[in-house]
Amino acid sequence: MSFDRSTARCSFCGHPSSEVRRMIAGPGAAYICNECLQLCTEILNEQTPFSEKALELASRPPVVIATPQVREQHPEPTLLKREPTRTITIELEQKQHGMTLMLHQLHYYTDHFELRFLWIRPPLTSGFTFVPRLIFFLTDSTGMQWPGDRGGHLLARPELANGPNHAVYQGNARFQPLPSPDARMLTVRATDPLGQFEEPAPHAWHFDITLFS
Ligand SMILES: [Zn+2]
């Protein structure tokens, strides 16, 4: 897959390269600007794992990168949020490497769709200056792709955990545009970015969801 780098936006703050001093390109369509790198350095130097700066960074809305023309038509997509036009109940769960991912529902809206999920994992040990994230990669049966969504807002749900060995996060990943009307299947792959440091790296979760039966 190729990306038009002239439309590069920082994956952390959404600024285009014309509005920042330096932009560093990562794999695929991932970028980070000098200001966000500076912020990350400050977070690394903080003593507490879930500092205010770390939480602020983690709770920013996902940056839409591939469709700048759509952004211009809908500068504030969050303001358009209404009741879903369609809800697909999924209720699938999979264990992978001691962690469970539960997909609950797909919500279709007029110009995007959202995936509701729960992520059950061992608690992060103290010392991580990292707010947990999942990275999603979706494809539908017509070949459409939604690469690299970072899972949107993650909400810790300690009341759902059954004991100190589990942490539960509720998430809502948002994708744009909607799947093709002809798509019969949606494949959801998800991975824990921290897992990349493990040997061997864990398999990604893989779910096939039937959109029409
Ligand atoms: Zn930035």
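A residue counts as exposed if 12 or fewer other C-beta atoms lie within 10 Å of its own, and as buried if 20 or more do. By that rule T87 is exposed, because 12 other C-beta atoms lie within 10 Å, whereas G171 is buried, because 22 other C-beta atoms lie within 10 Å. These two residues serve below as reference points in a predicted model, and every value given here is computed from that model.

**Confidence and overall make-up**

The protein chain has a mean pLDDT of 80, with 82% of its residues reaching 70 or more. Residues 66–81 stand apart as a stretch over which pLDDT stays under 50, and for this stretch the model has 12 contacts beyond four places in sequence. Where pLDDT is low, the predicted coordinates should not be read in detail.

Three helices and 11 strands are found in the protein chain, and from the N terminus on the elements follow the order β-β-α-α-α-β-β-β-β-β-β-β-β-β. Of the 213 residues in the protein chain, 20% are buried. Among contacts between residues at least 6 apart in sequence, 51% join residues at least 24 apart.

**The five-stranded sheet**

One open sheet is built from five strands in the order β3-β4-β5-β9-β8, with antiparallel pairing. Its edges are taken by β3 (86–96) and β8 (154–156), each of which has a single partner strand, so one side of each is left without a neighbour in the sheet. Direction ignored, neighbouring strands of this sheet are turned by 15 degrees against each other on average.

The bridge counts and one facing pair of residues for several strand pairings, including one from the other sheet, are set out below.

| Strand pair | Bridges | Residue pair |
|---|---|---|
| β3 and β4 | nine bridges | T87 opposite H107 |
| β4 and β5 | eight bridges | L101 opposite W119 |
| β5 and β9 | nine bridges | E114 with R174 |
| β6 and β10 | six bridges | I135 opposite T191 |

Within the five-stranded sheet, β4 and β5 form a hairpin with four residues between them. T87 has its place in strand β3, and, leaving aside its neighbours within four places in sequence, T87 is in contact with Q105 and H107; the second of these, H107, is also the residue that T87 stands opposite in β4. Although T87 and E114 are 27 residues apart along the chain, their C-alpha atoms are separated by 9.6 Å. G171, by contrast, has its place in strand β9, and its C-alpha atom is separated by 8.9 Å from that of A156, with the two residues 15 apart along the chain.

**The four-stranded sheet**

A further open sheet consists of four strands in the order β7-β6-β10-β11, and its pairing is likewise antiparallel. Here β7 (145–149) and β11 (205–210) stand at the edges with a single partner strand each, so one side of each is left without a neighbour in the sheet. For this sheet too, the average turn of neighbouring strands against each other is 15 degrees, direction ignored. Between the edges, β6 (residues 135–140) pairs with β10 (residues 185–191) in the antiparallel sense.

**Nonpolar cores**

In soluble globular proteins, nonpolar side chains tend to be buried together. Which residues of the largest nonpolar core touch the most other members? This core has 19 residues, and those that touch the most other members are L101, L115, F117, F136, L138, V188 and A190. Two or more residues are given to this core by each of β4 (99–108), β5 (113–121), β6, β9 (167–175) and β10, and the largest share, four residues, comes from β5. The core thus draws on strands placed in the five-stranded sheet as well as on strands placed in the four-stranded sheet.

The surroundings of F117 can be followed residue by residue: leaving aside its neighbours within four places in sequence, F117 is in contact with L101, M102, L103, H104, G171 and A173. Among these contacts are L101, another of the residues that touch the most other core members, and G171, the buried residue of strand β9 introduced at the start. A second, separate core of six residues includes C10, M23, Y31 and C36.

Terms used. Residues numbered from 1 in each chain as written. Pairing = 2+ DSSP bridges. Axes fitted to C-alpha atoms, helices over the stretch in contact; angles between N-to-C directions. Core = buried A, V, L, I, M, F, W, Y, C linked by C-beta atoms within 7 Å. Contact = placed C-beta atoms within 7 Å. pLDDT = per-residue confidence, 0-100.
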